[in-house]
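Take a look at the model below. We will walk through it one piece at a time, starting with its rings.

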2 protein chains.
Amino acid sequence: MFSTPMSELRPAVSASSSMEAGRQRQGRLWSNMKEVCELLHLPAISTLNAEELLFQHVQFKTGQRIHTIGQSFDTLYIVNSGFLKTVLIDEFGNEQVLSFPMKGDLLGVDGIHSRHYTSEAVALSDCDLILLPFKKLTALSRAHLELENMLYGVMSRELVREQAMIGMLGALSAEARVARFLVSLSERFAQMGYSSKLFNLRMTRHEIGSYLGLTLETVSRTLSAFNEIGMISVDQRTIGIKDAEALRSLRRLPPSRTRGKSVQARLRATARAEPATAELPAEPLLAAY
Amino acid sequence: MFSTPMSELRPAVSASSSMEAGRQRQGRLWSNMKEVCELLHLPAISTLNAEELLFQHVQFKTGQRIHTIGQSFDTLYIVNSGFLKTVLIDEFGNEQVLSFPMKGDLLGVDGIHSRHYTSEAVALSDCDLILLPFKKLTALSRAHLELENMLYGVMSRELVREQAMIGMLGALSAEARVARFLVSLSERFAQMGYSSKLFNLRMTRHEIGSYLGLTLETVSRTLSAFNEIGMISVDQRTIGIKDAEALRSLRRLPPSRTRGKSVQARLRATARAEPATAELPAEPLLAAY
DNA sequence: CGGGCTATTGATGTAACTCAATAAAGGTGG
DNA sequence: CCACCTTTATTGAGTTACATCAATAGCCCG
């Protein structure tokens with residue numbers, strides 16, 4: 001079973017315990033543009049005859065890699081179903097989780113620049129992805145303004161998401177990070193039509209920790225703490241959201257870090273313009289477990 | 001002097017101590033496509049008559065904002081000269097520095113998705129920027145393949161850069177972050193034709209700290225420590241790089257975080273393929289000041 | 001020549017990491 | 001189906017890297 005022939009060309013990154021991206025054709029195989037647009041939460045492209053253009057589906061089983069670092073780039077992927085992670089791998093082989101893509105998310109954008117993927121995507125569950133050959137996409141986009149907008153828009157959205165991530169890693173406490181992580185998962189599930197109150201984590205504590213810049217123990221402890229307070233219920237990978245509002249407003253800013261001067265300057269500047277608006281005199285601070 | 005009339009529509013983010021983006025026209029005013037491509041380190045676009053298409057320059061003085069959060073988006077900027085910072089501002093007015101753009105960098109990509117900038121860009125020195133009206137750019141790109149590639153490429157590059165940032169924030173120690181920051185600055189300066197061995201920081205310790213997810217004290221102390229060891233020299237904002245290699249290889253991974261399982265799995269998988277290659281038995285560890 | 005930024009440095013605190021032990025879950029093969 | 005092994009999760013005790021608070025001194029600018 002470990003006998004995959006190592007046909008890879010990449011260094012440490014090679015076929016894992018599970019097998020390599022062997023795209024088996026089966027199940028529902030093709031999507032048209034309309035379905036693709038729906039997945040991306042975009043208005044369908046009117047000028048495009050939806051039935052003509054078809055995009056192929058590919059299935060991956062849990063543990064399989066969609067693409068590896070350094071592999072040459074030629075296609076983007078949209079997640080049609082299933083859960084994945086994308087990771088960076090440093091010079092020691094350590095994984096750094098970058099995202100947990102799920103239905104509607106776009107994969108592979110990082111490969112455009114250098115024509116090689118710079119991250120690795122792995123299926124955390126059985127997945128169904130739609131292949132978007134990049135060349136084909138850009139060619140099409142020349143004829144269809146809306147598609148062009150979509151492409152730029154989706155890439156920009158990805159960038160904004162990462163900026164938010166940087167902000168979170170740079171400024172929030174462990175508890176706040178975990179809380180936000182749960183909230184954002186909950187919202188994603190809601191958006192996908194699942195329950196936002198009760199769901200299963202598809203990733204390990206270790207992966208969550210990597211994603212949030214924390215250790216798995218800290219993640220575990222924080223979840224337990226939230227459980228104690230009654231904000232959530234935790235049983236292994238089953239999470240129940242009991243008090244979404246508390247989660248949402250939970251922040252314990254490492255206070256003075258970026259505050260102080262800047263905030264005061266801003267207050268000064270707006271003082272007369274806005275006569276003491278919503279300034280939250282002392283802020284909630286419902287951390288402390 | 002504080003009497004700017006507050007014509008803004010944004011909440012806390014409004015005209016600061018310095019004046020608002022008042023684009024004074026002067027100096028060298030226009031660039032053609034060839035110059036733009038050079039700035040972005042891209043091969044010039046052959047199919048484009050370089051002289052016809054001109055892009056306007058705009059100057060900003062130290063402290064001025066190029067764009068603010070929420071402001072409606074319609075143009076990208078390329079830095080022609082000068083130094084800037086881009087920041088996110090959270091619900092309490094805290095700044096989170098996202099990047100320090102300089103010559104050749106692209107600004108404003110985050111605005112494409114929602115048609116509003118989601119970050120704020122501020123000049124840290126007098127700057128000269130080139131305006132790239134986004135509509136104009138995309139229109140052009142339909143006729144000129146290379147320009148289209150450039151656009152996607154630059155956006156993708158930006159994304160990759162942010163992914164690297166996330167990796168750094170998620171996994172590296174304070175010292176490693178500061179070291180890498182110095183190295184990357186040094187490389188940027190070299191690339192711009194300045195000395196890579198001696199340069200001035202354009203930003204405060206506070207801004208560096210925000211960028212790296214550290215406090216200004218930690219940044220200051222770390223610089224002092226590097227100075228003690230002789231890796232660099234520090235005098236206020238003047239930095240001398242003494243031992244670039246040491247800086248480059250300085251990492252003190254908070255060890256087990258992401259390692260352990262993953263690294264071992266990988267080693268196992270490649271064991272036979274690569275008969276014990278470069279594994280650095282105990283790793284350098286030249287931290288300890 | 002003040003007065004506000006900015007940087008440095010020290011003393012102290014604590015959030016999060018590390019190490020370690022246990023237990024529960026999940027998968028595999030007999 | 002049950003023993004076995006691996007992976008994952010939980011929890012405790014001790015450590016430490018970094019933050020916090022505070023005091024001083026150098027810069028820069030009007």
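This is a predicted model. Start with a cluster built from ring pairs. Chain A supplies Phe73(A), Tyr117(A), Phe134(A) and Tyr152(A). Chain B supplies Phe73(B), Tyr117(B), Phe134(B) and Tyr152(B). Over all chains, the structure holds 19 aromatic pairs. One involves Phe189(B) and Tyr194(B), whose ring centres are 6.2 Å apart. Their planes meet at 50 degrees, so this pair counts as tilted: stacked needs under 30 degrees, and edge-to-face needs over 60. Is Phe189(B) buried or exposed? Its relative accessibility is 3%, so Phe189(B) counts as buried.

Now turn to the nonpolar cores. The largest has 81 residues. Which of them touch the most other members? Leu182(A) and Leu182(B) do. Follow Leu182(B), leaving aside its neighbours within four places in sequence. Its contacts include three residues with the number 223 or above but below 239: Leu223(B), Phe226(B) and Ile232(B). Phe199(B), Ile239(B), Ile241(B) and Leu247(B) are also in contact with Leu182(B). A second, separate core has 78 residues, among them Leu159(A), Tyr77(B), Leu147(B) and Val154(B).

Next, find helix 7 of chain A, residues 216-229. How far apart are its end C-alpha atoms? They are 20 Å apart. That agrees with the span expected for 14 residues at 1.5 Å a residue. Five names mark the buried side of this helix: Val219(A), Thr222(A), Leu223(A), Ala225(A) and Phe226(A). Seen down the helix axis, these buried residues fall within an arc of 160 degrees, so they line one face. The general rule helps here. An α-helix has 3.6 residues a turn, so residues three or four places apart point the same way. What do the buried residues of helix 7 of chain A pack against? Their partners in chain A are helix 5, helix 6, strand 11 and helix 8. The face turned away carries the exposed residues Arg221(A) and Glu228(A).

After helix 7 of chain A comes Gly230(A), with a positive phi near 90 degrees. Gly230(A) sits in the loop between helix 7 and strand 11 of chain A. Its relative accessibility is 35%, so Gly230(A) counts as partly exposed. Ile241(A) is eleven residues away along the chain, yet its C-alpha atom is 9.1 Å from that of Gly230(A).

Finish in strand 8 of chain A, where Glu120(A) is found. Glu120(A) is buried, with a relative accessible area of 0%. What does its side chain meet? The side chain of Glu120(A) makes a polar contact with the side chain of Arg65(A), at 2.7 Å.

Key
Residues numbered from 1 in each chain as written. Chains lettered and ligands numbered in written order. Predicted model: local features only at pLDDT ≥ 70, side-chain atom pairs only at ≥ 80, totals over all residues. Heavy atoms only, no water. Helix = DSSP H or I, 4+ residues; strand = E, 2+ residues; numbered from the N terminus. Expected span 1.5 Å × (residues − 1). Buried < 20%, exposed > 50% of the residue type's maximum accessible area, 1.4 Å probe, protein only. Arc of directions from axis to C-beta. Contact = heavy atoms within 4.5 Å. Core = buried A, V, L, I, M, F, W, Y, C linked by side-chain atoms within 4.5 Å. Polar contact = N/O pair within 3.5 Å; in protein donor to acceptor, adjacent residues only side chain to side chain. Phe/Tyr/Trp six-rings, centres within 6.5 Å; stacked < 30°, edge-to-face > 60°.
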